[in-house]
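Visitor: Please take me through one part of this model in close detail. I would like to start from a single residue and work outward through what surrounds it.

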Amino acid sequence: MKRLLLFVGLFLLPVSAGFAQTVLVEAFTNTACTNCITPDGQITNYVTTHPNLKLIFYHNNFPSPKDPFFKANKSGSNYRGYGFYNVQADPEAHVRGANGGSAFSSWKSLITDSQGPYSADIAIGLKSIDGGKIQIDVTTTGTSNNKSVQLMIAMTESGIAFNNTESFGNPPSGVWDNVFRKMLPGDSGSTPFVLSGTKTITAIFDTTGTGWHAANMEVIAFLQTVASLPLATTDSAAIIGVGVRPLSSLGVTNSKAISGALLGSASPDPFTNTTMLPLHLNKTSQVRMVVVNSIGQEVATLADRVFEGGDANIRLDATNLANGIYMVRLFLNGVFHSQMKVVCQR
């Protein structure tokens with residue numbers, strides 16, 4: 001993976017009213033799980049159209065230990081799945097810590113019932129440090145009501161192109177989103193503490209040599225009450241605060257330097273009739289850019305040809321698009337590169 005050059009500086013985003021209602025959905029799956037296809041797709045589409053939800057897909061070792069997302073972090077996935085939630089089969093999802101079983105209808109019901117306010121707010125600060133590492137400072141403010149809590153800092157990645165050679169009914173290839181990559185400060189989170197006021201915990205994240213695309217990664221920090229593990233099926237892990245921040249919010253010192261190309265932000269966004277997408281290529285490349293709807297269907301092709309290196313503007317015409325949220329996906333030389341969310345709103 002090419003190293004990202006990031007702005008050196010600390011950015012703090014307060015997470016109060018804007019994130020107070022954020023509902024965390026932790027789903028357990030496997031790339032070879034036939035029964036996971038429908039509910040995984042349903043929850044992914046639901047989260048796409050409900051921005052107050054955050055989704056983490058943990059990949060277990062069943063039915064196939066060859067799942068590449070499981071293999072990339074076996075200890076982290078095993079701890080959250082078996083060591084914490086006592087997951088015995090995929091799919092399974094936990095909504096704000098409560099077990100929703102294997103059906104999307106149950107997950108959705110829990111989401112609907114999980115809108116109450118949290119007792120803690122979370123702010124996430126990011127700072128680039130030597131060696132391409134990123135310092136993550138998570139500040140929690142509030143109270144845990146005299147209960148011991150742990151801070152969990154989950155790193156997720158979206159837009160991962162993967163050819164599924166063990167499909168067992170799954171699509172043979174595709175783009176995977178919201179994939180769990182690593183838990184910080186460690187698999188089991190922080191040392192337990194009682195929150196009364198403000199506390200800051202710092203963790204270091206390093207993608208060097210992993211092949212992970214930091215520009216498509218997100219920090220999801222959450223506070224959970226300490227419990228006897230593994231949890232029984234009927235038990236819940238009370239989550240009392242959630243905060244979110246994409247790594248891309250750090251910015252890039254050389255905006256031309258992300259893995260051979262950079263897909264810039266749409267302008268305007270939201271848009272009514274048309275919007276423009278700036279694209280920079282480091283060298284001449286075969287470019288394919290498509291628009292995907294909330295159920296994963298390609299609804300428009302914006303470009304499919306060779307572009308010379310340099311800058312270009314790609315036009316997105318919404319004439320045939322309904323109001324809603326879409327993803328613009330960029331492929332370079334036949335390989336998925338990156339994606340961006342846009343909103344059509346008339």
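Guide: Start at Met 155. In this predicted model, Met 155 touches Ile 136, Val 179, Phe 180, Arg 181, Lys 182, Leu 184, Phe 205, Met 217, Glu 218, Val 219 and Leu 247, leaving aside residues up to four places away in sequence. Keep Arg 181, Glu 218, Phe 205 and Phe 180 from that list in mind. Each leads somewhere.

First, the core. The largest nonpolar core has 26 residues. Met 155 is among the members that touch the most others, along with Ile 136, Ile 153, Leu 223 and Leu 247. Strands S6 (120–128), S7 (134–157), S11 (193–205) and S12 (217–225) each supply at least two of the core residues. S7 gives the largest share, 7 residues. A second, separate core has 23 residues, including Leu 281, Met 289, Ala 303 and Leu 316.

Now the charged contacts. Arg 181 forms a salt bridge with Glu 157, at 2.9 Å from N to O. Glu 157 lies in strand S7 and Arg 181 in strand S10 (residues 179–184), so the pair links distant parts of the chain, 24 residues apart. Glu 157 counts as buried, at 4% relative accessibility. Arg 181 is buried too, at 7%.

Glu 218 pairs with Lys 54. Their closest N and O atoms are 3.1 Å apart. Lys 54 sits in strand S3 (residues 53–59) and Glu 218 in strand S12, so this salt bridge ties together parts 164 residues apart in sequence. Both Lys 54 and Glu 218 are buried. In total, the structure holds 6 salt bridges.

Next, the rings. Phe 205 forms a stacked pair with Trp 212. The centres are 6.3 Å apart, with 15° between the planes. Phe 205 is buried, with a relative accessible area of 1%. Trp 212 also counts as buried, at 9%.

Phe 180 belongs to a cluster. Ring pairs link it with Phe 28, Tyr 58, Phe 84 and Tyr 85. Within that cluster, Phe 84 and Tyr 85 meet edge-to-face, 4.8 Å centre to centre and with 90° between the planes. Phe 84 and Tyr 85 are both buried. The structure holds 7 aromatic pairs.

To recap: Met 155 touches Arg 181, Glu 218, Phe 205 and Phe 180. Arg 181 bridges to Glu 157, and Glu 218 to Lys 54. Phe 205 stacks with Trp 212, while Phe 180 joins the ring cluster.

Conventions:
Residues are numbered from 1 along each chain as its sequence is written. This is a predicted model: local features need pLDDT of at least 70, side-chain atom pairs count only at pLDDT 80 or more; totals for chains, interfaces and linings use all residues. Side-chain values use heavy atoms; hydrogens and water are left out. A nonpolar core is a set of buried Ala, Val, Leu, Ile, Met, Phe, Trp, Tyr and Cys residues joined through side-chain atoms within 4.5 Å. Buried means under 20% relative accessible area, exposed over 50%, partly exposed in between (1.4 Å probe, protein chains only). Helices (H or I, at least four residues) and strands (E, at least two) are DSSP runs, numbered from the N terminus. Contact means heavy atoms within 4.5 Å. Rings of Phe, Tyr and Trp (its six-membered ring) pair if their centres lie within 6.5 Å; planes under 30 degrees apart count as stacked, over 60 as edge-to-face and the rest as tilted. A salt bridge is a side-chain nitrogen of Lys or Arg within 4 Å of a carboxyl oxygen of Asp or Glu.
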